[in-house]
Amino acid sequence: ERRQELEEVCKLSGYPKHIMKLTIAVLSLTLVRPICGFVRGSTHRPQFWMVPKRTFALRMANEGLTTHIVQVKKPEEVNVIMGMTHFIKTVDDIHEALVGTIPGIKFGLGFCEASGDRLVRWTGTDDALVKLAHENANAIGCGHSFCLFLGPPTFPVHILNTLRNVPEVCHIFCATANEVQVIVAETSQGRGIMGVIDGKPPLGVETETDVAERREFLKRIGYKL
C-alpha cells in the first residue's frame, strides 16, 4: 500500500522511469521504519516517533523534490574521495593534514558552503587537480559536501584515516578511481547527496582461482607479505 502511494506521487512528478524507480526504492527503505524504534522493554510504539508516510510523501510532491544524477568528471588515473563536512575551516585543516601525512602529495579540494556567502572554497597543491575539485564540487552543488582529488602515486588508502580524523569531516561517501555518479536530491531549500554509484555492478562470485590471483596481485604491488 505504501509503495503504491509512492508510485502515484512519482508518476505525478513527470520524471523519467529510472529516476522514479530510484526514488521509490530509497523512500521505501527510509519511510517504513520508525525514526527511533521501540522503547526498550515496551510493546508500545509512540506514534509521534513515526514518520507519517502518506503525509510526508504528499508534502514531498508539493514541495517539488527532484533528483539528479551528476557524473564526476576526472582522468582515469585520478582518485576521488567524496564526503560531508562542516565549517569553513575545513579547507585549511584538510590541506594541513594531507601535506603533513605525505610530503609532496598532489591533490585538489573543493568544498561547498551551505550558508553565508555559499561559495565553493578550494585549496590544493596541483593546479589541474584544484580545477577538477572546484568544478565538480560546483556541479554537485550540495551544501557542506566536498570533493578531494588525488594525483598519482597517492591512493585513498594512504590518507583515509588522516581525513577521517579531521574534526570537521562527518562522513565519507566513496574513495575510488572508478567512474562515479552522484545521486542528488533537490528541494526548495537546497540540494543534498542521497548516495553515489561507484563503478559497475559485479559479474559473478570469485572462484578459488580468483582468490589466489587476488592475493598474488596484492603481493605484487607490495600490500601483502
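Is Lys89 buried, exposed or partly exposed? Lys89 is partly exposed, with a relative accessible area of 39%. The model is predicted.

**Salt bridges**

Side chains of opposite charge can pair when their charged atoms come close. The count here comes to 8 salt bridges. The table gives three of them.

| Acid | Base | Closest N to O distance |
|---|---|---|
| Asp93 | Lys89 | 2.7 Å |
| Glu168 | Lys89 | 3.9 Å |
| Glu113 | Arg121 | 3.3 Å |

Lys89 pairs with Glu168. This pair links distant parts of the chain, 79 residues apart. Glu168 sits in the loop between helix 6 (156-164) and strand 6 (171-176). Lys89 sits in the loop between strand 2 (79-84) and helix 4 (90-101). Lys89 also meets Asp93 in a salt bridge.

Now the burial of the partners. Asp93 has 14% relative accessibility, so it counts as buried under the 20% cut-off. Glu168 is buried too, at 5%. Glu113 is buried, with a relative accessible area of 14%. Its partner Arg121 is partly exposed, at 24%. Shared partners join Lys89, Asp93 and Glu168 into one network of salt bridges.

**Largest pocket**

How much space lies in the largest pocket? The volume is about 320 Å³. The pocket is lined by 15 residues. Closest to its centre are Glu113, Ala114, Gly141, Cys142 and Gly143. The lining divides into 6 nonpolar, 6 polar and 3 charged residues. Glu113 thus appears in both parts of this report: it lines the pocket, and its side chain meets Arg121 in a salt bridge.

Technical notes. Residues are numbered from 1 along each chain as its sequence is written. This is a predicted model: local features need pLDDT of at least 70, side-chain atom pairs count only at pLDDT 80 or more; totals for chains, interfaces and linings use all residues. Side-chain values use heavy atoms; hydrogens and water are left out. On a 1 Å grid over the protein atoms alone, a cavity is a set of points where a 1.4 Å probe fits but cannot get out, and a pocket is an open set with protein on both sides within 12 Å along at least five of seven lines; lining residues have an atom within 4 Å of a point. Grid points are joined across faces, edges and corners, and a volume is the space filled by probe spheres set on the points. Ala, Val, Leu, Ile, Met, Phe, Trp, Tyr, Cys and Pro count as nonpolar, Asp, Glu, Lys and Arg as charged, and the others, Gly among them, as polar. A salt bridge is a side-chain nitrogen of Lys or Arg within 4 Å of a carboxyl oxygen of Asp or Glu. Buried means under 20% relative accessible area, exposed over 50%, partly exposed in between (1.4 Å probe, protein chains only). Helices (H or I, at least four residues) and strands (E, at least two) are DSSP runs, numbered from the N terminus.
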